[in-house]
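Please work through the following exercises with the sequence and the model side by side, and try each task before reading its solution.

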Amino acid sequence: FCNMEILQLSDYHIYIGTVAESLTQYLNGKKYSRYIVLCDENTEKHCLPILEKHFPNLDFLTVKIPDGEAYK
């Protein structure tokens, strides 16, 4: 993935990078039946509009959790 750092953990990987540059390439390589975006009130307000702008045709379910470390 272009400009993406990958943290390889024992059970999964964490991808760190610019969403607009890398997410399309990543998702095109997968065959998921559904996409879910997990966000709190702040990421819903500030980040979700960016995701929707860059991926207008992406059908995803948004799951909202309360703000704060206790809910992460």
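**Exercise 1.** Find how many aromatic pairs the structure holds, and classify the geometry of what you find.

*Solution.* In this predicted model, the structure holds one aromatic pair. Its members are Tyr 32 and Tyr 35, whose rings lie 5.9 Å apart from centre to centre, with 90 degrees between the planes. Because planes over 60 degrees apart count as edge-to-face, the pair of Tyr 32 and Tyr 35 is edge-to-face. Tyr 32 has a relative accessibility of 41% and therefore counts as partly exposed.

**Exercise 2.** Locate the salt bridge that a search of the whole structure finds, and decide how exposed each partner is.

*Solution.* The search finds one salt bridge, in which the side chains of Glu 44 and Lys 64 meet at 2.9 Å, N to O. The pair links distant parts of the chain, since Glu 44 belongs to helix α2 (residues 41–46) and Lys 64 to strand β4 (residues 60–64), 20 residues apart. Glu 44, at 27% relative accessibility, counts as partly exposed, whereas Lys 64, with a relative accessible area of 55%, is exposed.

**Exercise 3.** Describe how β1 is joined to β2, and then place Leu 7 in that setting.

*Solution.* Strand β1 (residues 5–8) and strand β2 (residues 13–16) run antiparallel and are joined by four bridges. A hairpin of four residues connects β1 to β2, and Gln 8 stands opposite His 13 in β2. Leu 7 is found in β1 and, at 34% relative accessibility, counts as partly exposed. Together with Leu 9, Tyr 12, Ile 14 and Ile 16, Leu 7 makes a nonpolar surface patch of about 420 Å².

Terms used:
Residues are numbered from 1 along each chain as its sequence is written. This is a predicted model: local features need pLDDT of at least 70, side-chain atom pairs count only at pLDDT 80 or more; totals for chains, interfaces and linings use all residues. Side-chain values use heavy atoms; hydrogens and water are left out. Patches are made of residues with over 30% relative accessible area and no salt bridge: like charges are joined within 9 Å, nonpolar side chains (Val, Leu, Ile, Met, Phe, Trp, Tyr) within 5 Å. Accessible areas come from the Shrake-Rupley method with a 1.4 Å probe; for residues, only the protein chains shown count as cover. A salt bridge is a side-chain nitrogen of Lys or Arg within 4 Å of a carboxyl oxygen of Asp or Glu. Helices (H or I, at least four residues) and strands (E, at least two) are DSSP runs, numbered from the N terminus. Buried means under 20% relative accessible area, exposed over 50%, partly exposed in between (1.4 Å probe, protein chains only). Two strands pair if DSSP finds at least two bridges between them. Rings of Phe, Tyr and Trp (its six-membered ring) pair if their centres lie within 6.5 Å; planes under 30 degrees apart count as stacked, over 60 as edge-to-face and the rest as tilted.
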